[in-house]
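Colleague: I'm new to this structure and don't know where to start. Could you pick one part and go through it closely with me?

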Amino acid sequence: MDKKYQNRRDFIKHLAMTGSAVALAASPWLGAFGSSAQSVRGANDMVRMAIIGTGSRGCELLRHLLTFSVAQNIRIVALCDNYNPHLLDAVKLCKEKELNPQSYADYRVMIEKEQLDAVIIATPLYCHAQITVDCLQTGLHVFCEKSMARTLEQTKWMYDTHIATNKILQIGHQRLFNPVYLEGMQRIHDGKLGTIGQIRAYWHRNNNWRRSLPNNDLSYERQINWRLYKEYSAGLLTELMSHQIQVANWALQKTPVSVMGTGSIRYWNDGREVNDNIALIYSYDDGTQFVYDSMTSNKKYGLEEQILGSTGTIEFEVNKQYLETPAAAPGIQQLINDVEHGIFDKLPIGGASWVPETAVNYKGENIVDSTNYMDTSLQLEAFTQFVRKGSAPEKILKEGYNASIWTMLGEIAIEKGEKLSMPKEFII
Amino acid sequence: MQLIRNINLYHHSIVAMNSQLDMVFWGDNQLVYNRVYNYALETLQKYELLMSRYNKESELYHLNKNGYVSTVFPGEIVYNTLEMGIEYHRLTQGYFDVTLGNVYQANKNGQPNRVNVDRDLTKRIEIDTMNRSVRFLQKNVSIDLGGIGKGIALNEIGKMIDELSLKNCFLSFGGSSVLTRGRHPHGDFWPFGLSGILDSAYLWELQNHSLSVSSSKSSDKKIAHIVNPHTYHPIQIDKSAVVQCNNAIDAEVLSTTLIASPAHLHADILQNFNIEKYLVI
C-alpha cells in the first residue's frame with residue numbers, strides 16, 4: 001500500500017471512525033493532545049528546530065518534518081553534521097522546499113548561536129548521550145533516535161538529565177504512535193487475547209550493513225560503518241531489537257526480570273565486531289517469555305512481533321489479529337443473540353450450498369482498517385505538540401529508557417554467557 | 001468459546017475441511033461440551049487429512065494419483081467412504097457421483113465437458129470388495145468426497161453427543177449441513193429458516209434431526225457448481241433444495257441430488273431413503 005502522510009487530525013478522525021476512540025482515550029500520550037492543560041506556548045506558535053546528524057536516518061526524519069512543517073508552523077533553523085556529504089544532503093532537501101537553514105559541523109557551536117526550541121538527534125548511537133545531555137542542559141527539548149544510548153550508564157545519565165532540567169526527552173520508538181499498535185495494545189490490555197504466555201519477535205534481513213567508503217578511503221571506515229563496531233553500536237540489538245523489546249514491554253505493561261542470549265558472526269565475517277546472528281530470551285515476573293532472534297543472512301521471514309495469548313494472537317507488523325476460536329457464523333451469532341434476549345425465532349442458516357472451491361480459510365482480522373499512515377511522521381508531530389506544551393507524558397520516555405536498558409543487558413548477557421537481571425541503580 | 005451465563009449457552013467454532021463448524025449447546029455440562037468440542041476437532045482434522053483432494057499427504061490424494069497406474073489399497077475410512085459413495089450412486093440413479101472429481105474441477109473453469117471420461121460408472125472404476133482395493137479404469141477418474149465428507153463428520157460427532165447423553169445442541173457445518181438434538185432454550189424445537197425466505201411456510205422444526213441445504217449457484221450467483229453426472233452439464237437454473245432426515249450423510253447427498261436430477265425422478269429416488277421432509281424451490 002502506498003503510504004501517505006496522514007496528520008494527527010486525520011489520524012484521530014480515522015480512529016474515531018473505526019471505533020477506536022477507546023484506544024485514543026486510553027493512550028496517555030495521545031490523550032495529552034486533547035488535554036486542557038495549559039501550554040507554555042500558543043497552539044500555533046512557531047517551533048524552532050534543528051537536526052543534529054543528517055545521515056540516512058536524519059535525512060529521513062527531515063523529509064517527514066518537511067511534509068508538515070508549514071501546516072504545523074515548524075521552522076528548521078539549523079542542520080548539523082560533522083560529515084560534510086551528509087550535511088549537504090540535508091541542505092539539498094531543504095533547498096527543494098526553498099528553505100535555507102544554517103549549517104554546522106559542531107553541535108555545540110550551533111546550540112550556542114541559534115535560538116532553538118528543540119533538536120532532533122539522529123547521530124550514531126555512541127554520540128546520543130553526550131549531545132542529548134548538552135542540549136537538555138542548554139534548555140532545549142530533545143527528540144533522540146532510538147536506541148537511547150550505547151551503555152547502561154549513558155542511558156541513565158540521559159534520563160537523569162531530563163529529570164534535572166525538566167526538558168522533554170523523547171526517544172524515537174515510532175510504534176508508540178502507530179494506530180495499529182495503539183489499537184492492538186488496547187485489545188491486549190483489555191484482555192482480548194486472554195493470558196499472554198509468549199511474545200515472539202524477529203527481524204531478519206539479508207544484506208550487508210557495510211557501506212562503501214568515499215574514494216575507498218579507509219580513514220572513514222569507523223565513521224561510516226560505525227554500526228559494525230562495538231565501540232559505537234551493539235549492532236542488531238540496538239539497531240533493530242530495541243524497537244521490538246519496547247513493543248514487548250508495552251504489551252505486557254512491565255519490564256523483564258532477566259535475559260539470556262547468544263550471538264555469533266555467522267555469515268558477514270569481514271572484520272566487523274558486532275554479531276550478525278543473535279537469539280535472546282527475556283523473562284517477566286509473571287512467567288511470560290519474550291523470545292527474540294535476528295540475523296542478516298536470510299530475509300524470508302522479515303520482521304514481526306507476535307503476541308501469543310490464550311484466546312488470540314496479534315501480529316502487529318501485518319496488522320492482524322487471530323482468535324483461537326473463530327467468531328460464530330452470522331446465523332449462529334443471531335441464534336446466540338436471540339437466546340440471550342429470550343427470543344425464539346427462525347435461524348437464517350443455509351441458502352448456500354457447500355462449494356468446495358470457496359474454501360473457508362481463517363485468515364484472521366485486520367486490527368485497523370487502514371494502515372495508510374507514517375508512524376514516524378506521527379511521532380514527530382506529537383513531539384512538536386509536546387514542545388508547545390512544554391512537557392510530554394513520562395511514559396513515552398520510560399518506554400525508550402527501559403527498551404535501551406534491556407537492550408544493553410541483552411548485549412552483556414550474550415557477551416558473558418550469563419542470565420542477567422537489572423542492576424538496582426538503573427531502575428526508575 | 002462463548003459462554004452466556006444466564007442460560008448456560010455454549011458456543012465453539014472449528015475451521016476445518018474448507019468450512020466452519022459452529023457448535024451450540026445449552027445446559028449445565030460445560031466440561032462435557034468441551035469434550036465434544038475436542039472430539040469434533042480431532043474428527044475434522046482426521047477427515048481433512050484423509051479426504052482432501054489437494055493435500056499431498058492425504059490418502060485420497062495418493063489414491064487419485066496412483067489409482068490408474070496401479071491397484072490401490074486405501075485405509076479403512078477412505079475405502080468405506082468410497083464404497084458408500086458408490087452405493088449412493090446406485091440409490092440416486094447416478095445423480096450423486098463421487099468419481100467425477102476431474103469433471104467437477106473442470107466445471108470451475110467452465111469446461112466440464114472437456115474431461116474425457118466414460119458416462120458409465122462401471123467403466124470408470126473397479127472396486128474389489130474381497131481385497132478392499134480400488135483401481136481406476138480410465139485415466140481421468142478422480143475421487144471427490146467433498147459432497148459427503150461433512151455429513152460423515154456430523155454423523156460421527158452426533159454419535160458422540162448421543163453417547164454422552166447430551167440433550168440439546170445445534171451444529172451447523174458451513175451453514176449448509178445441520179445436526180440438531182433436543183430443542184432451542186426458548187421453544188420446543190430448533191427453528192430453521194432458509195436464508196432470504198421469510199415465509200413461515202418454510203419453517204423447519206428440527207429436534208433430533210439432520211438437515212442439508214444445497215443451491216445450484218454459489219452464493220454470489222456466478223458459479224453453477226453442481227453438475228449433472230449423466231450429462232456433465234452444470235445446473236444453470238436457480239434451484240435450492242432442503243432435506244430433513246435423521247442421517248446427515250443422506251441429507252447431504254440428497255440435497256445435492258435433488259438439484260442435479262430432474263424433478264420427475266425425485267419421488268423415485270427419495271423412496272430409497274427414510275426422509276422426513278424435503279423442499280425444492
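Modeller: Let's get one term straight: a residue is buried if its relative accessible area is under 20%, exposed if over 50%, and partly exposed in between, using a 1.4 Å probe and protein chains only. This is a predicted model, so local features need pLDDT of at least 70 and side-chain atom pairs pLDDT 80 or more, while totals for chains, interfaces and linings use all residues, and side-chain values use heavy atoms without hydrogens or water. Residues are numbered from 1 along each chain as its sequence is written, with chains lettered from A and ligands numbered from 1 in the order written.

I'd pick the aromatic rings of chain B, but a word on the chain itself comes in handy. Chain B has seven helices and twelve strands; these are DSSP runs numbered from the N terminus, with helices being H or I of at least four residues and strands E of at least two. Of its 281 residues, 56% count as buried. Take the contacts (heavy atoms within 4.5 Å) in chain B between residues at least 6 apart in sequence: 60% of them join residues at least 24 apart.

Now the rings. Over all chains, the structure holds 16 aromatic pairs. Rings of Phe, Tyr and Trp (its six-membered ring) pair if their centres lie within 6.5 Å, and the planes count as stacked under 30 degrees apart, edge-to-face over 60 and tilted for the rest. One of the pairs is Y88(B) with F96(B): the ring centres are 6.3 Å apart and the planes stand at 75°, so this pair is edge-to-face. Y88(B) and F96(B) are both buried.

The pair I'd zoom in on is F170(B) with W190(B), a tilted one, with 5.3 Å from centre to centre and 50° between the planes. This pair links distant parts of the chain: F170(B) belongs to strand β6 (residues 169–173) of chain B and W190(B) to strand β8 (residues 190–193) of chain B, 20 residues apart. How buried are these two? F170(B) has a relative accessible area of 0%, and W190(B) also comes out at 0%.

Chain B has another ring to look at, this time with a charge. The charged end of R119(B) sits over the ring of Y232(B), 3.8 Å from the centre of that ring; "over" asks for NZ of Lys or CZ of Arg within 6 Å of the ring centre and within 35 degrees of the ring normal.

Chain A offers something to set beside that. There, the charged end of R222(A) sits over the ring of Y229(A), 4.5 Å from its centre. One aromatic cluster is formed by Y282(A), F290(A), Y292(A) and W406(A). For burial on the scale of a whole element, try helix α9 (residues 179–189) of chain A: ten of its eleven residues are buried, so the helix is largely enclosed by the rest of the structure. Among those buried residues are P179(A), Y181(A) and R187(A). Just after α9(A), G191(A) takes a positive phi of about 85°.
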